[in-house]
Amino acid sequence: MYLYIAQYVHKLGRSLQGVTEKKIGITCDLKALQREEQGPIVCSLMAAWMVGDKCDDVKSALYHILADDHIDSTPDWFDDRNETLCVRLMGFMRSLGYSSVVLDGPSPVPARVSIGSGDAESNESDSDFDLVDPAPNGNSYTPGRPPERKRLDLLVGEEFSHMHKGVTNTVRVEAPGIFYSITERRKFSSGRQAINSLYVNSQNDALKGASINWWTKPKNKDGLTPDDVITKKLKLSTPEAV
């Protein structure tokens with residue numbers, strides 16, 4: 001059994017601004033779940049985990065912890081007005097020892113991203129946040145990590161590229177928790193997975209073992225890293241003190 005988190009998206013890419021609700025549910029077949037969706041507005045998977053026979057227990061625990069965000073009369077839906085639920089859920093599931101699965105391909109499989117030396121980000125994953133956000137205004141964060149990294153919404157639509165040993169991987173941020181590798185034509189649940197997968201899973205031994213820091217290495221067309229883009233957009237949105 002899988003536990004998953006999903007959100008509403010428009011198949012034609014049209015804006016659903018203001019629609020921030022997320023669904024947390026369980027299923028035995030992720031592919032069938034996605035095929036069930038009809039019409040222009042669909043519920044798209046953001047991340048999923050193979051939990052097995054513990055699925056009901058994990059789901060019950062989540063619903064208890066997130067009780068304040070639960071939307072009445074909608075069993076599986078939660079308010080996510082701060083757009084941080086997917087990121088927080090990833091960190092929570094990791095703390096339980098569950099790895100997210102790759103959502104594309106013939107069948108969902110555990111994401112394979114090894115952490116090596118060099119610019120490894122073993123303590124800098126884009127989803128290492130507490131499940132319950134102690135500060136809805138976004139002013140609280142895990143010690144030692146920039147609080148701005150919770151603002152994945154500011155990266156939506158951006159494309160970042162990185163070259164490793166002559167091979168370039170380009171990743172587009174489609175939504176918080178949805179990172180599309182243009183090079184591999186696959187979706188991932190974190191920037192770290194998306195930017196590293198091409199190298200980690202390469203048949204070329206010279207490329208294997210790479211561990212690219214998602215936040216500080218890949219750059220967009222303006223030469224800005226994900227950290228740079230978030231910092232810049234936050235500064236532009238903050239009125240200057242008089």
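Let's start with three rings: Phe160, Phe179 and Trp214 are joined into a cluster by ring pairs. Please keep in mind that what we have on screen is a predicted model. Take Phe160 and Trp214 from that cluster. Their ring centres are 5.5 Å apart and the planes stand at 75°, so we call this pair edge-to-face. What parts of the chain does this pair link? Phe160 belongs to strand S7, residues 159-164, while Trp214 comes from the loop between helix H4 (191-200) and helix H5 (226-237). That puts the two 54 residues apart, and the pair links distant parts of the chain. And are Phe160 and Trp214 buried or exposed? Both of them are buried.

How many aromatic pairs are there? The count is four. One of them is Tyr63 with Phe78, again edge-to-face, with 5.0 Å from centre to centre and 75° between the planes. This pair also brings distant parts of the chain together: Tyr63 is in helix H2, residues 55-65, and Phe78 is in strand S4, residues 77-78, which is 15 residues apart. Tyr63 and Phe78 are both buried.

Let me step back to the whole chain for a moment. There are 242 residues, and 44% of them count as buried. They are arranged with five helices and ten strands. If you take the contacts with a separation of 6 or more, 62% come from residues 24 or more positions apart. The accessible surface is about 12500 Å², and carbon and sulfur atoms hold 50% of that.

Now, the sheet. Here we have an open sheet of four strands, running in the order S3-S1-S2-S4, and the pairing is antiparallel. Which strands sit at the edges? Those are S3 and S4, each of them pairing on one side only. As a general reminder, the strands of a sheet pair through backbone hydrogen bonds, in a parallel or an antiparallel way.

Let's walk across it. Strand S1, residues 2-10, pairs with S3 over nine bridges, in the antiparallel sense. If you want one bridge to find on the screen, look at Gln7, whose partner in S3 is Ser44. On to strand S2, residues 22-27: S1 and S2 are antiparallel too, with six bridges. There, Tyr2 has Thr27 in S2 as its bridge partner.

Two helices pack on this sheet. Helix H2, the one that carries Tyr63, touches S1, S2 and S4, and its direction makes about 160° with that of S2. Helix H3, residues 85-95, touches S1, S2, S3 and S4, and the angle between its direction and that of S3 is about 20°.

Let's stay with S3 a little longer. S3 is an edge strand, but why do we call it largely enclosed by the rest of the structure? Because eight of its ten residues, 41-50, are buried. Ser44 lies in this strand, and with a relative accessibility of 15% it counts as buried, the cut-off being under 20%. Setting aside neighbours within four places in sequence, Ser44 is in contact with Ile5, Ala6, Gln7, Val9 and Ile178. You will recognise Gln7 there as its bridge partner.

Next, helix H4. How many of its ten residues are buried? Ten of the ten are, so this helix is largely enclosed by the rest of the structure. Among those buried residues are Arg192, Gln193, Asn196 and Tyr199, along with Ala194, Ile195 and Leu198. What covers them? The cover includes H3, S7, strand S8 (167-175), strand S9 (178-181) and strand S10 (186-188). So we meet H3 again here, having seen that helix pack on the sheet.

I'll finish back in strand S7, where we find Ser161. Ser161 is partly exposed, at a relative accessible area of 28%. Leaving out residues up to four places away in sequence, Ser161 touches Thr168, Asn169, Thr170, Pro218 and Lys219. With Thr170 there is also a polar contact between the side chains, at 2.6 Å. And have a look at Asn220: Ser161 and Asn220 are 59 residues apart along the chain, with 6.3 Å between their C-alpha atoms.

Terms used:
Residues are numbered from 1 along each chain as its sequence is written. This is a predicted model: local features need pLDDT of at least 70, side-chain atom pairs count only at pLDDT 80 or more; totals for chains, interfaces and linings use all residues. Side-chain values use heavy atoms; hydrogens and water are left out. Rings of Phe, Tyr and Trp (its six-membered ring) pair if their centres lie within 6.5 Å; planes under 30 degrees apart count as stacked, over 60 as edge-to-face and the rest as tilted. Buried means under 20% relative accessible area, exposed over 50%, partly exposed in between (1.4 Å probe, protein chains only). Two strands pair if DSSP finds at least two bridges between them. Contact means heavy atoms within 4.5 Å. Axes are lines fitted to C-alpha atoms, for helices over the stretch in contact, and angles run from 0 to 180 degrees between N-to-C directions. A polar contact is a pair of N or O atoms within 3.5 Å; within protein, one must be able to donate a hydrogen and the other to accept it, and residues adjacent in sequence count only if both atoms are side-chain atoms. Accessible areas come from the Shrake-Rupley method with a 1.4 Å probe; for residues, only the protein chains shown count as cover.
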